Amino acid sequence: GMTMSPKRTMVAVTVFAFSYLHVGRAEAVCEYPNLLLVLDASGSMQGQINGVDKWTLAKGAVTTMLNTYGAKLYFGLMMFPSTSQCTVGNVAVGVGPNTKNSIITAMNNKPPLTNNWTPLAASVDAVAAYAPMRTTTQRNFALVISDGTQDCGVSGERLTPIDAVKR
C-alpha cells in the first residue's frame with residue numbers, strides 16, 4: 001500500500017476537513033451537524049515537522065477550523081489516549097453549540113506525553129458508541145487527526161487508521 005509521511009498525512013487530513021466543510025447545502029435548512037474531533041495525544045505528536053511539533057500544528061488546524069466553522073457545526077473533542085498509554089479516548093468536550101473556547105482549553109490542558117501510545121481503533125469504536133453521534137435528528141461526523149498507526153493491541157493485530165474506520 002501507499003505510505004504517507006507524517007507531514008503529508010497531517011496536511012491531507014486538514015485539506016480534507018476544509019474542502020469537505022466548505023461545500024455548503026443549497027437548500028435553506030437550518031441544520032447544525034455534529035462534528036467530533038478525535039485528536040491524537042500520543043507521544044509521537046511531540047515529533048517535529050520543519051521545527052514545529054505536530055501537537056502545535058494539530059492545535060493550530062483545529063483552532064482555524066473552529067474560528068471558521070464554529071457557528072455552522074456543533075463541535076466536540078475526544079483525545080486519545082485518555083489517561084496513559086493505551087487507554088481509550090474519552091470525550092473532553094461534548095458536541096454542541098459554542099464549544100470553541102472549551103475545546104481550545106482542553107487541548108491546552110492536555111499536551112501529549114512521551115509514554116502515551118496510539119489506541120486509534122478502540123477510540124474510533126468509542127466514537128461510534130458516543131450517544132450524541134448516534135442521533136438521527138442531525139448529521140454526525142468524526143474527524144480523526146493523527147500522525148500514526150494503531151499501536152495498541154486489537155485482537156493481536158496492528159491496524160492503520162483506515163483499517164480502524166472499516167471495522
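The following exercises treat a sheet and two helices of a predicted model.

Local features need pLDDT of at least 70, side-chain atom pairs count only at pLDDT 80 or more, and totals for chains, interfaces and linings use all residues. Residues are numbered from 1 along each chain as its sequence is written, and side-chain values use heavy atoms, with hydrogens and water left out.

**Exercise 1.** Determine which strands stand at the edges of the open sheet.

*Solution.* Helices (H or I, at least four residues) and strands (E, at least two) are DSSP runs, numbered from the N terminus. Two strands pair if DSSP finds at least two bridges between them. The four strands follow the order β5-β4-β1-β6, with mixed pairing. Strands β5 (90-96) and β6 (140-145) each have a single partner strand, so they stand at the edges and one side of each is left without a neighbour in the sheet.

**Exercise 2.** Describe how β4 pairs with β5 and with β1.

*Solution.* Strand β4 (residues 74-80) is antiparallel to β5, with four bridges; here M79 has N90 of β5 as its bridge partner. Strands β1 and β4 run parallel and are joined by seven bridges, where L35 is matched with F75 of β4. Six of the seven residues of β4 are buried (under 20% relative accessible area; exposed is over 50% and partly exposed in between, with a 1.4 Å probe and protein chains only).

**Exercise 3.** Compare the expected span of α2 with the distance between its end C-alpha atoms.

*Solution.* The expected span is 1.5 Å times one less than the number of residues. For the 16 residues of α2 this gives 22 Å, and the end C-alpha atoms are 22 Å apart, which agrees.

**Exercise 4.** Establish where the buried residues of α2 lie around its axis.

*Solution.* The buried residues are K54, W55, A58, K59, A61, V62, M65, L66 and Y69. The arc is taken from the directions from the helix axis to the C-beta atoms. These residues cover an arc of only 160°, which means that they lie on the same side of α2.
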